[in-house]
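Let's walk through this one together, starting at the nucleic acid and ending with how the protein copies sit against each other. Pull up the view and follow along.

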Protein chains: 2
Amino acid sequence: MSRAAKIEDVASRAGVSVATVSRALRGLPHVSQATREKVLRAAEELDYRPNPHAARLAAGRSGTVGVALPVLNSWFYANVLAGVEAVLAEEALDMHVVVVDGPDAVERFIAELPALSKRVDGLVLCDLFMPDQLWEDLAGGPMPVATIGVDTGLFDSVTIDNVVAASDATDHLLDLGHTRIGLIGAGPEAAADNESAALRRRGMIEALRRRALDLPPELEAAGSFSVAGGKEAMQELLGDTAPTAVFCLSDEMAIGAMWAADEAGLAVPGDLAVVGFDDQPVAEALGLTTVRQPVSIMAARAANFVLARLEGEEGPVERHVMPTQLQKRRSTDFRHLTHVHAHS
Amino acid sequence: MSRAAKIEDVASRAGVSVATVSRALRGLPHVSQATREKVLRAAEELDYRPNPHAARLAAGRSGTVGVALPVLNSWFYANVLAGVEAVLAEEALDMHVVVVDGPDAVERFIAELPALSKRVDGLVLCDLFMPDQLWEDLAGGPMPVATIGVDTGLFDSVTIDNVVAASDATDHLLDLGHTRIGLIGAGPEAAADNESAALRRRGMIEALRRRALDLPPELEAAGSFSVAGGKEAMQELLGDTAPTAVFCLSDEMAIGAMWAADEAGLAVPGDLAVVGFDDQPVAEALGLTTVRQPVSIMAARAANFVLARLEGEEGPVERHVMPTQLQKRRSTDFRHLTHVHAHS
DNA sequence: CTGAAAGCGCTTACAG
DNA sequence: CTGAAAGCGCTTACAG
């Protein structure tokens, strides 16, 4: 009802100076037990809440960690955000979300970095791709940074081995006897703005090469990382030169591909085997074979890297490569394939 | 390289006072064109970025809107967050995310409201349920608030008509000839912490009553709003008293229910018709009949309500009830049903 | 239109 | 262990 209490009110009520209140409330040393209790009581009685802006201005720290990611509403990034948020909430740190969607947004992000550095103490950057020079500029700055999905060698990072993950997935399809395998999610030009996609493409091509196969242009289709994007890409791939299997760079895309197959009257896996990427819960429900990556753990680890640096950790750059696992399910099940072959 | 410029540096470089710099940079009136340009140039040359903490402390405004939601990584809430974020980013406002998961977290949220009110100018509260008294306390405060999924009558709100949505879904199943219809997502005790679920349950019961049917306990199963939760709930419902149709309170749950049905050797919709809620993209891909709600629009509208109040809008409380639409798809397709009947 | 000055509410050396 | 005082970097009446 009355105006909010400020530190001065607490000080006078406790009969001490504001400096002492500040120390006592933040749990700093050099405060006698008796004084501390007196202060805590006064603060309690006044329902005192420190003004964060004043504290941040005075201390030169924001108690905030920034998180940059391309979108908020895909399964993968929503889980990244949730993972980071959980860690920060535990430490009573604020989270500052920045959505960096597309090349223009990256430019804006870069331009606003000096401003951003005034409002966050550290940064988690997820799947943000920018020129080397800018990474180095960032590294020259004072802010601890951890990256997810990108490994610059300059910052603590948590990634997966996209090449291995993709070649595992491809090997699985090859082992099932497929020779015409399509790729949905990355075209030959993927690289600048989506390094992960480029690496997965490379892993796939390497696996094909080992069996003397290649990835002709008519078996590749890019598209947005969504159900609709996957569907459209699959439709592009259908026709005379249709593959017998597709590797999709996200589960959403894989579901879209299965949808397109269904509409075209193709059975999965009989006429078309499908592999996804991520292993979101829906994938298991649908029997979708997919590459599992431990999203929450990756996000939490990146957040913890930043926290450790904020606490003064000085060690060398940590570059964690997390394991992925191919989850083999119905969408590539050879038994189904056999079954279908019996039909034809 | 050198230390970051502050407003004083800009002032002296432009040859004006800091007050003038402040006005010029924020586009306030009463600054001559010539002066403004001089200031802008100086700011540009020094790559000046205002310190947000100082500005917020001095102005008593945070330029930040808070968003509270139960989780970040479900489809629905991820889209709520994305919708709010898009609106705020457009206005160059910061977003402060607060995850309020479960009753304990609600208590903590309430306890921290005084602190929160110092760091945000307004609040979007999504599916937050608390005692009437606390809503009134909030309404007594200075902060503009908009609610999503809750209509207290005290704040601008955007909701759907859960009763109608659920009875539409139920009517659809009844029209198809189902008489044993299960409910997944809300038990008889749902209410305190999940009003939407309680309302949907009521809508279902009303639709059943109109046909002289009821909802016996063995046809209800609560569970977490996830694929796994839906699966478990469905498994509970299977057995001697299994329903021929289920209404699930989220698409994730519906997908889990279909999964359980599949594992039990039941065909959808032949042996079990399934209806979901939300209409996420995957639902269409799977042919899942579901209630569509316009999530992004709801989120954006709530955010805009808060913005309008922040800009001084004084009108009466806005209570928007958004339309929902039942999307009829394969998972309840009567033709399939007929087809199956022919078999038996 | 412009400036001098007070003030926003904290934290942090510096003394004692 | 504790306090007085300066300072963090802005905004905003108040004058002119």
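The surface near DNA strand D is made up of 16 nonpolar, seven polar and three charged residues. Keep in mind that this is a predicted model. Of the 26 residues around the strand, the ones that come nearest are Ala19(A), His30(A), Ile7(B), Ser22(B) and Ala58(B). Both protein chains pitch in here: helix H2 (18-25) and H4 of chain A, plus helix H2 (18-25) and helix H4 (52-59) of chain B, each supply at least two residues of that surface. H4(B) gives the largest share, with five residues.

Now turn to where the two protein chains touch. Chain A puts 36 residues into the contact, and chain B puts in 36 residues as well. On the chain A side, the elements giving two or more residues include helix H4 (52-59), helix H5 (75-90), strand E2 (94-99) and helix H12 (251-263). H5(A) provides the largest share of that side, six residues. By character, the chain A side splits into 21 nonpolar, eight polar and seven charged residues.

So how do the copies relate to each other? A turn of 180° with a shift of 0.0 Å along the axis lays chain A on chain B with an RMSD of 0.0 Å, which is the relation of a two-fold axis. To find that axis on screen, look for His53(A): of the residues of chain A, its C-alpha comes closest to the rotation axis, at 2.4 Å. As for the contact itself, 100% of the interface residues of chain A are also interface residues in chain B, so the copies meet through the same surface.

Technical notes. Residues are numbered from 1 along each chain as its sequence is written. Chains are lettered from A and ligands numbered from 1 in the order in which they are written. This is a predicted model: local features need pLDDT of at least 70, side-chain atom pairs count only at pLDDT 80 or more; totals for chains, interfaces and linings use all residues. Two residues are in contact if their C-beta atoms, placed from the backbone, lie within 7 Å. Helices (H or I, at least four residues) and strands (E, at least two) are DSSP runs, numbered from the N terminus. Ala, Val, Leu, Ile, Met, Phe, Trp, Tyr, Cys and Pro count as nonpolar, Asp, Glu, Lys and Arg as charged, and the others, Gly among them, as polar. A residue is near a molecule or strand if its C-beta atom, placed from the backbone, lies within 6 Å of it. Copies are superposed by least squares on the C-alpha atoms of residues with pLDDT of at least 70 in both.
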